[in-house]
Amino acid sequence: MLILLDGTDYLLEVYFWLILGAILLVTLTIVFARPDLSNIEDNTEYNLKEGIVNEETSSSDDTINENKELDEVINETIDEDPEIIIEKVKKQWALAFTIFGLAFITVGSIVLYISEFAFTTFFAACMIYVGIMSIAKGLTFQLSENGWLKKIIPIGIFFLNLILLTGLLSVVEDRFWLPWIKLTELQRIGNIFLIFILPYLIWITVPTFNKNIKEEKETDLPLNLLNNSLKFVIANFVILWILNFNFISLPLLRQFSKVGFDLSIDLLKITIVIPVLSLLRKDRLSLIKAIFQKRKANSKKNDQEYKK
Amino acid sequence: MSNTEDEKKIEVQNTKLLRSITIAIIILIATIPHNNNPYNLDYVTEFCAEGITTEIISFERLDFFACEIGFIDGEIDLGLYLSKMDNEKESFEKAFEEYTEVDILVLNYQNYNNFVRGEDYGVSNIELLSLNINPENDFMQKSIDSLDLYPDYYFLVFNWEYGEDDGTYNYPELEFYYYIRLSYAD
């Protein structure tokens with residue numbers, strides 16, 4: 001691809017498509033940031049309760065002041081609503097990542113256009129890579145925590161990363177195009193890191209704003225590890241299964257999904273041990289607890305009998 | 001939080017954990033390499049042993065052995081080595097009572113799928129076809145220079161009359177040593 005980028009027309013066309021893509025992503029960010037239309041409709045049900053109105057004296061200045069203070073307190077409470085703060089922070093993060101991404105793409109493209117040295121070409125390609133990933137990351141901030149789109153974004157990031165690494169970064173490209181059996185152990189580890197671990201790191205560095213999800217993740221680590229391993233196995237299996245049909249030929253993707261599948265099975269073997277041990281430990285603790293409670297109850301019963 | 005709520009939470013967590021463990025165990029059983037079933041068709045084949053270190057493989061007559069080479073793009077030099085294990089002379093003589101041949105195939109992904117399904121398939125290397133192995137041979141070695149392969153994902157297959165089963169004789173599984181040497185031609 002970088003050979004193609006040497007031509008000015010190609011470079012401008014690539015740059016045009018990148019900017020267009022970035023604008024599209026920003027548009028999508030704004031679309032997803034808008035409140036859900038279904039929530040706009042007022043479906044609140046009102047209950048009518050009968051009441052008695054008594055005649056009273058008009059409120060004094062003191063009462064007006066008290067009401068004003070109360071209004072201020074209410075307003076402050078609304079202002080400090082954590083959900084509103086989270087939304088604001090999310091928007092700031094999304095905007096920051098988008099601007100940062102666009103700046104990187106622009107500078108990278110300029111460097112690519114001006115300089116012809118191997119190092120600057122690679123450096124510029126890296127900048128464009130970081131820029132695109134940054135925009136993709138910025139987009140994820142505006143997605144609903146429990147939405148289906150948020151769940152498939154990791155797969156999208158995996159493919160985006162694979163396309164960018166194989167198409168844009170020529171230095172690592174040579175290593176990617178070799179048969180897996182020809183690679184040294186170190187090269188294999190490097191490829192696994194770039195293809196699987198790097199997009200995962202990009203994904204998890206996006207902070208979680210949902211407190212419940214965050215707490216859940218922290219409290220049930222074995223379950224999360226196992227579930228992530230299962231997702232990894234299933235994602236690789238689905239890719240292999242799709243490629244199994246002869247109508248599509250993506251040999252490089254086949255190579256990496258095969259490696260990913262082997263890796264995910266090994267990972268599953270490890271991650272299944274941790275929850276099994278945790279389950280056994282929990283069972284043992286509850287058993288000990290039950291025994292102690294039974295003993296306590298028995299001793300109480302004996303004491304009562306002795307007193308009688 | 002009360003004790004009842006705590007217990008309920010733990011119970012829910014344990015149920016989730018048990019469900020995930022069950023799914024994981026099913027997946028692990030389904031992906032045992034030698035447990036052939038429609039779900040693990042070619043997902044559990046291993047990568048070929050490349051270099052000078054030999055690897056033991058076992059397969060029987062009327063069956064095949066396959067390993068994955070990976071993505072190849074261009075002209076390669078290919079060397080293959082296949083030998084019988086010494087302690088199985090008797091079994092070999094029984095299996096090779098009649099003239100037989102082992103086809104060594106380098107198949108791309110599409111052809112490999114067709115081969116496994118028993119459908120018509122094309123071969124990427126006419127030079128490697130119909131290499132014989134019989135009781136008199138202790139080993140078979142073959143080198144091919146400048147084998148031109150178009151960009152695709154390739155498998156190495158030792159085909160020992162796969163799909164020609166007449167159900168008359170149950171052949172024993174035999175062990176072989178093999179290795180593959182692959183390098184891009186200059």
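The exercises below treat the secondary structure, surface, interface and salt bridges of a predicted two-chain model.

Local features need pLDDT of at least 70 and side-chain atom pairs count only at pLDDT 80 or more, while totals for chains, interfaces and linings use all residues. Residues are numbered from 1 along each chain as its sequence is written, chains are lettered from A and ligands numbered from 1 in the order in which they are written, and side-chain values use heavy atoms, with hydrogens and water left out.

**Exercise 1. Describe the make-up of chain A and chain B.**

Step 1. Helices (H or I, at least four residues) and strands (E, at least two) are DSSP runs, numbered from the N terminus. Chain A has 12 helices and 0 strands. Chain B has 3 helices and 6 strands, in the order α-β-β-α-β-α-β-β-β from the N terminus on.

Step 2. Buried means under 20% relative accessible area, exposed over 50%, and partly exposed in between (1.4 Å probe, protein chains only). In chain A, 32% of the 308 residues count as buried; in chain B, 47% of the 186 residues do.

Step 3. Accessible areas come from the Shrake-Rupley method with a 1.4 Å probe, and for residues only the protein chains shown count as cover. Chain A exposes about 21,000 Å², with 64% supplied by carbon and sulfur atoms. For chain B the accessible surface is about 10,100 Å², and 47% of that belongs to carbon and sulfur atoms.

**Exercise 2. Check the length of helix H11 of chain A and locate its nonpolar patch.**

Step 1. The expected span of a helix is 1.5 Å times one less than its number of residues. The 24 residues of H11(A) should therefore span 34 Å, and the end C-alpha atoms are 34 Å apart, which agrees.

Step 2. Patches are made of residues with over 30% relative accessible area and no salt bridge; like charges are joined within 9 Å, nonpolar side chains (Val, Leu, Ile, Met, Phe, Trp, Tyr) within 5 Å. Ile234(A), Val238(A), Trp241(A), Ile242(A), Phe245(A) and Phe247(A) make a nonpolar surface patch of about 600 Å².

Step 3. Ile234(A) lies in H11, residues 221-244, and is partly exposed at a relative accessible area of 45%. The buried residues of this helix include Leu230(A), Val233(A) and Leu240(A).

**Exercise 3. Quantify the interface between chain A and chain B.**

Step 1. With contact meaning heavy atoms within 4.5 Å, 38 residues of chain A are in contact with 39 residues of chain B.

Step 2. Buried area is the accessible area (1.4 Å probe) that two parts lose on being put together, summed over both. The two chains bury about 3,400 Å² between them, 66% of it on carbon and sulfur atoms.

**Exercise 4. Trace the salt bridges that involve helix H12 of chain A.**

Step 1. A salt bridge is a side-chain nitrogen of Lys or Arg within 4 Å of a carboxyl oxygen of Asp or Glu. The count between the chains is 2.

Step 2. Glu68(B) pairs with Arg254(A), with the closest N and O atoms 3.3 Å apart. Both residues are buried.

Step 3. Lys258(A) forms a salt bridge with Asp262(A) at 3.2 Å between the closest N and O atoms. They lie 4 residues apart in H12, about one turn of the helix. An α-helix has 3.6 residues a turn, so residues three or four places apart point the same way.

Step 4. Lys258(A) is buried at 0% relative accessible area, whereas Asp262(A) is partly exposed at 27%. Shared partners join Arg254(A), Lys258(A), Asp262(A) and Glu68(B) into one network of salt bridges.
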